[in-house]
Amino acid sequence: MGKTTRVVMPQLGESVHEGTISRWLVKPGDRVVEFEPMLEVDTDKVNAEVPAPVSGILREILAKEGETVQAGAEIAIVETGGDGKVTATPEAPAPAPKSETPKVEAEAPSPPRGEGRGEGLKPATTASAPGGESPGEGLKPATTAEPAGPHRYSPGVQMAASDLKVDLSQVSGTGLGGRITKKDVQDFAARAKAQPAGQPANTVPIAPGEGDQVVQLTRVRRLIAENMARSKATIPHAWQTQEADMSGVVANRNANKAAFQKQEGFSLTYLPYVMAAAISALREHPEVNSTFNETELIVHRDINLGISVGMEDTLLVPVVRRADSLSIAGLARAVNDLAGRARGKQLKADELSGGTFTVNNSGTFGTLFSYSVINPGQAGILTMEAIVERPVAVNGLIGIKPMMYLCFSFDHRVLDGLQAARFLTSCRKWLEAVSLDTPVH
């Protein structure tokens with residue numbers, strides 16, 4: 001009898017911790033081939049095909065179509081050893097589920113280097129030897145399961161609770177079977193820090209009144225709430241704004257929009273101009289393109305711009321990678337592509353992660369001043385507001401000009417007011433230097 005591999009649900013993005021199995025592309029008894037699609041998974045952010053982590057025979061499907069499964073949970077068993085024939089294989093007792101991160105845990109002799117590993121959205125795997133053979137030094141035997149009970153916590157959870165001074169009896173678990181994960185502990189600590197003194201982190205839910213409507217939060221809305229609460233609890237936000245004369249940008253766009261529409265098939269907007277301004281300013285002030293890491297700053301080489309895409313019931317921030325290598329037209333193409341696929345739920349998981357700075361375009365809805373929340377892991381977010389014609393004094397004369405406020409929320413651990421003002425000034429000056437001669441392509 002051959003060795004079996006337990007396939008687990010991969011994590012389909014930095015803030016995606018569960019997925020719904022929409023369709024299995026294979027059935028028990030079928031041969032699966034490494035790297036070829038095995039199932040389709042749907043989240044509120046992406047629809048993705050998940051490839052098989054190994055080649056072999058699909059023995060059992062543990063999570064049916066329509067089930068919502070936590071990242072790291074087992075979803076299938078594949079027989080990888082023997083002669084490949086469909087024969088009954090005694091199933092070893094499943095290890096206690098873990099929901100912290102989808103790691104690869106060997107429960108049998110380790111496969112050769114590279115076996116069972118892939119790229120991208122490939123599921124992590126848990127290998128088990130037939131009959132529960134002892135796996136070797138430092139590896140958890142297949143026959144060993146974590147004792148059940150309300151007070152059993154993983155070492156990672158206990159360490160996080162100790163470091164953050166969290167009472168685990170007060171934490172609600174979101175892992176399999178209600179288990180507490182490391183992220184549950186971190187989120188609890190962040191909420192507790194954000195609460196006014198004397199108010200408990202787990203507040204009693206408010207009972208709806210007569211005639212009130214109760215609307216359940218979607219998975220993505222819960223994730224947004226968690227990320228924003230964590231951002232406000234852990235990042236000391238500060239805010240600045242400057243007003244930019246957009247006369248040159250408006251003139252350049254008006255001169256190019258007809259030809260651009262004909263050539264590209266979509267409209268040229270003001271967003272890629274502001275993105276180009278942010279990129280230029282980030283090159284000039286690289287400390288803004290960084291991540292605060294407790295005792296150090298990680299200054300990123302690449303400029304990966306997150307672009308806020310708002311929809312009726314959610315907000316996504318797909319990432320334009322190496323945006324500093326693109327022209328205004330190239331930025332426009334990237335935004336049009338990402339925004340279109342975001343609205344069609346066709347983004348890939350890696351297109352929603354890895355951003356080093358974010359640009360937000362709330363001005364398209366007519367806003368004038370926005371205090372945006374910084375994405376965790378970044379040092380700031382730049383918001384472009386509505387372009388409004390208003391009277392402006394220039395050289396002692398009053399003229400009507402298209403003006404726009406640039407709003408900058410920044411992490412005060414990374415930047416002081418002086419550095420933030422210099423960055424914002426660089427953005428404004430780039431926009432005000434645009435003329436009819438500024439190339440779009």
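## Helix α7 and its neighbours

Two residues are in contact here when heavy atoms of theirs lie within 4.5 Å of each other. Keep that in mind as we walk through this structure, which is a predicted model.

Let's start with helix α7, which covers residues 417-433. Its buried residues are A420, F423, L424, S426, C427, R428 and L431. What do they pack against? The partners are a mix of strands and helices: β11 (237-245), β18 (357-360), β19 (380-384) and β21 on the strand side, plus α4 (247-264) and α5 on the helix side.

You can also check the length of α7 for yourself. The helix has 17 residues, and at 1.5 Å a residue it should span 24 Å; the C-alpha atoms at its ends are 24 Å apart, so the two agree.

## Two nonpolar cores

Now for the greasy parts. The largest nonpolar core has 56 residues, and the members touching the most others are L305, F357, F408 and L431. Helix α5 (residues 271-284) gives this core its largest share, with ten residues. There is also a second, separate core of 21 residues, and V26, V54, V69 and A349 are among them.

F408 deserves a closer look. Setting aside residues up to four places away in sequence, F408 touches A238, W239, Q240, V288, F357, G380, I381, L382, L415, A420, F423 and L424. Notice that A420, F423 and L424 are on that list, and that these three are also buried residues of α7.

## Aromatic pairs

How many aromatic pairs are there? With ring centres within 6.5 Å as the cut-off, the count is seven. Ring pairs also join F357, F408, F410 and F423 into a cluster, so you meet F408 again here, a residue we just saw touching F357 and F423.

In general, you describe a pair of aromatic rings by how far apart the centres are and by the angle between the planes. Take F369 and Y405: their ring centres are 4.4 Å apart and their planes sit at 40°, so this pair is tilted. F369 is in the loop between β18 and β19 while Y405 is in strand β21, so the pair ties together parts 36 residues apart in sequence. As for the surroundings, F369 is partly exposed, at 47% relative accessible area, whereas Y405 is buried, at 19% relative accessibility.

## M403 on strand β21

Stay on strand β21 (residues 397-411), because M403 is found there too. Is M403 buried or exposed? Its relative accessibility is 6%, so M403 counts as buried.

M403 also shows how a chain can bring distant stretches together. M403 and M246 are 157 residues apart in sequence, yet their C-alpha atoms are 5.6 Å apart in space. Leaving out neighbours within four places in sequence, M403 is in contact with E243, A244 and D245, with A386, I387 and V388, and with R390 and V392.

## Strand β2 and its partners

Next, strand β2 (residues 18-24). Five of its seven residues are buried, so β2 is largely enclosed by the rest of the structure.

Which strands does β2 pair with? One is strand β7 (residues 68-70), in the antiparallel sense over three bridges; here E18 has Q70 as its bridge partner. Another is strand β4 (residues 37-42), also antiparallel, over four bridges. In that pairing, W24 is matched with L39.

## Three loop residues

Finally, some loops. K165 lies in the loop between α1 (155-164) and α2 (182-194), and its phi is positive, about 60°, although K165 is not a glycine. E294 has a positive phi as well, near 65°, and isn't a glycine either; you'll find E294 in the loop between β12 (290-292) and β13 (297-299). K165 counts as exposed, at 74% relative accessibility, and E294 counts as exposed at 64%.

E351 lies in the loop between α6 (328-343) and β18. Where does its accessibility put it, buried or exposed? E351 is buried, with a relative accessible area of 16%. Its side chain makes a polar contact of 2.8 Å with the side chain of R341, and a polar atom of that E351 side chain lies 2.9 Å from the backbone nitrogen of K348. Not counting residues up to four places away in sequence, E351 touches V317, P318, V319, L338 and R341.

Conventions:
Residues numbered from 1 in each chain as written. Predicted model: local features only at pLDDT ≥ 70, side-chain atom pairs only at ≥ 80, totals over all residues. Heavy atoms only, no water. Helix = DSSP H or I, 4+ residues; strand = E, 2+ residues; numbered from the N terminus. Buried < 20%, exposed > 50% of the residue type's maximum accessible area, 1.4 Å probe, protein only. Core = buried A, V, L, I, M, F, W, Y, C linked by side-chain atoms within 4.5 Å. Expected span 1.5 Å × (residues − 1). Pairing = 2+ DSSP bridges. Polar contact = N/O pair within 3.5 Å; in protein donor to acceptor, adjacent residues only side chain to side chain. Phe/Tyr/Trp six-rings, centres within 6.5 Å; stacked < 30°, edge-to-face > 60°.
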